[in-house]
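Here's a quick walk through a fold, from one strand pair outward to the whole chain. Have the viewer open and follow along.

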Amino acid sequence: MRRVVRQSKFRHVFGQAVKNDQCYDDIRVSRVTWDSSFCAVNPKFVAIIVEASGGGAFLVLPLHKTGRIDKSYPTVCGHTGPVLDIDWCPHNDQVIASGSEDCTVMVWQIAENGLTLSLTEPVVVLEGHSKRVGIVAWHPTARNVLLSAGCDNVVIIWNVGTGEPLINLDDMHSDMIYNVSWNRNGSLICTASKDKKVRVIDPRKQEIVAEKDKAHEGARPMRAIFLSDGNIFTTGFSRMSERQLALWNPKNMEEPIALHEMDTSNGVLLPFYDPDTNIIYLCGKGDSSIRYFEITDESPYVHYLNTFSSKEPQRGMGFMPKRGLDVNKCEIARFFKLHERKCEPIIMTVPRKSDLFQDDLYPDTAGPEAALEAEEWFEGKNADPILISLKHGYIPGKNRDLKVVKKNILDNKPAANKKSDLITAPKKAVDTSNIQNEAKLDEILKELKSIKDTISNQDERISKLEQQMAKIAN
């Protein structure tokens, strides 16, 4: 007897949009023609790129701030051109990076309870791209390591803690980069490019490890992401403009492990991957549905599970990390769907009768603690994410402030162009004791200054009181 239906605990996953009063209303979502998700979410905040006159801006809302958002609500608005991509730091829920048409990457620190005034001063501005920056992606396990990719076909990896570019991959892509994805431990990246190639790159050795030409033959944009087992999942278009998805083994890119054709819609498919359940959710820009697939070791490897459909097309999509989900309701994914004027959360649930914690749905997941410091990663160390249990729900800890210690501002600017400097840069970065000493010195000087200011203020006050006493005595 052959089982007709494959058994899977995720076969009955269903999506449900929240009620209207739990949406974020009256938001003017950005109209920029760029295929990024326009939305980034973490357990504290939802950030949405919005229309802004005279520059680029994005909203940062505490998750609980649902309902109508006032037009005068403060934004993060330091860029001089439209913002194209945003990404929350996985190791600090109050730090977010943004890439913009103004050729810069900015890193922002958001206050514990959200914004009360518009934020115009980033913690650090990273300058090194000569054209607009359309992709920003934090390293999954090393603190303060940020990747950016621009329309100048260059990928730069920064040490945000010092504000320096440390790796510059400027001769690997001959055409526009559509997306970049880190692997599970952050030792490799994979990129999809307009020249129809999918590349697997070792950024520290600055070499291409694997490459596939014409992964998808169509001319429209592709996406490529790493899965937790090291395989690569891609979405793209066939020559007949049908949307395709494929699974590849980077050790042998000749033929895909699996290739499926889906439909003839022309929206770019944005893949969102959950490494804990091995489910991939595909959200097409301009579609009104989310399709989801389970990846397994048995043929056909990519198993269609179901489709969540709604009436309205999506302008963009945010994907909540696992630690932001409600484990008591068997919620395995939460999306934040952008409409033209609002953001609507969509909750994906596995139906279960029991109220107990379902440990088969929630294996230990990546926590907010970084496994490595930036300098260790640049020296060549690798580490898997530090996992946490969600058994009693996730309790956010205190985030430490992001401090940027610039070595010498004057040395910093030209570094982005000189390749020889970039390769030697990690050696400079190793000198962490100097950085810490400088930081301590700064703190002591600040404290001294504030004490001196207090003393001089008190002196003035004493002399005024003496004058008053003299007047009264006379």
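How many bridges pair E16 and strand E17, and in which sense, parallel or antiparallel? Five bridges, and the pairing is antiparallel. Keep in mind that this is a predicted model.

## The four-stranded sheet

E17 runs over residues 189–193. One spot to click on is Trp 182, whose bridge partner in E17 is Ile 189. In general, strands of a sheet pair through backbone hydrogen bonds, in a parallel or an antiparallel way.

Zoom out a bit and both strands turn out to sit in an open sheet of four, ordered E16-E17-E18-E19 with antiparallel pairing. The edges belong to strand E16 (177–182) and strand E19 (207–213); each has a single partner strand, so one side of each is left without a neighbour in the sheet. Going from one strand to the next, the twist averages 20°.

## The E8–E9 hairpin

Now hop back along the chain to strand E8, residues 83–88. Is E8 mostly covered or mostly open? Mostly covered: five of its six residues are buried, where buried means under 20% relative accessible area.

E8 pairs with strand E9 (residues 95–100), again in the antiparallel sense and over five bridges. A hairpin of six residues makes the link between E8 and E9. Within this pair, Asp 87 stands opposite Ala 97 of E9.

## What the record marks

The unreviewed UniProt entry carries the annotation "repeat: WD" for residues 76–118, 126–168 and 170–211.

What do these stretches look like in the model? Residues 76–118 come out at 0% helix and 51% strand, with the end C-alpha atoms 6 Å apart. For residues 126–168 the figures are 0% helix and 56% strand, and there the end C-alpha atoms lie 13 Å apart.

## The whole chain

Overall, the protein has four helices and 32 strands. Its radius of gyration is 25 Å, close to the 23 Å that the globule rule gives for 474 residues, so the protein is as compact as a globular protein of that length. The C-alpha trace spans about 110 × 55 × 40 Å along its principal axes.

As for packing, 53% of the 474 residues are buried. Of the contacts with a separation of 6 or more, 54% are between residues 24 or more positions apart. The accessible surface comes to about 23,000 Å², and carbon and sulfur atoms hold 49% of that.

Definitions and conventions: Residues numbered from 1 in each chain as written. Predicted model: local features only at pLDDT ≥ 70, side-chain atom pairs only at ≥ 80, totals over all residues. Heavy atoms only, no water. Pairing = 2+ DSSP bridges. Helix = DSSP H or I, 4+ residues; strand = E, 2+ residues; numbered from the N terminus. Axes fitted to C-alpha atoms, helices over the stretch in contact; angles between N-to-C directions. UniProt positions renumbered as here; feature names shortened; annotations may be inferred. Rg over C-alpha atoms; globule rule 2.2 N^0.38 Å. Buried < 20%, exposed > 50% of the residue type's maximum accessible area, 1.4 Å probe, protein only. Contact = heavy atoms within 4.5 Å. Areas by Shrake-Rupley, 256 points an atom, 1.4 Å probe, with all protein chains shown as cover.
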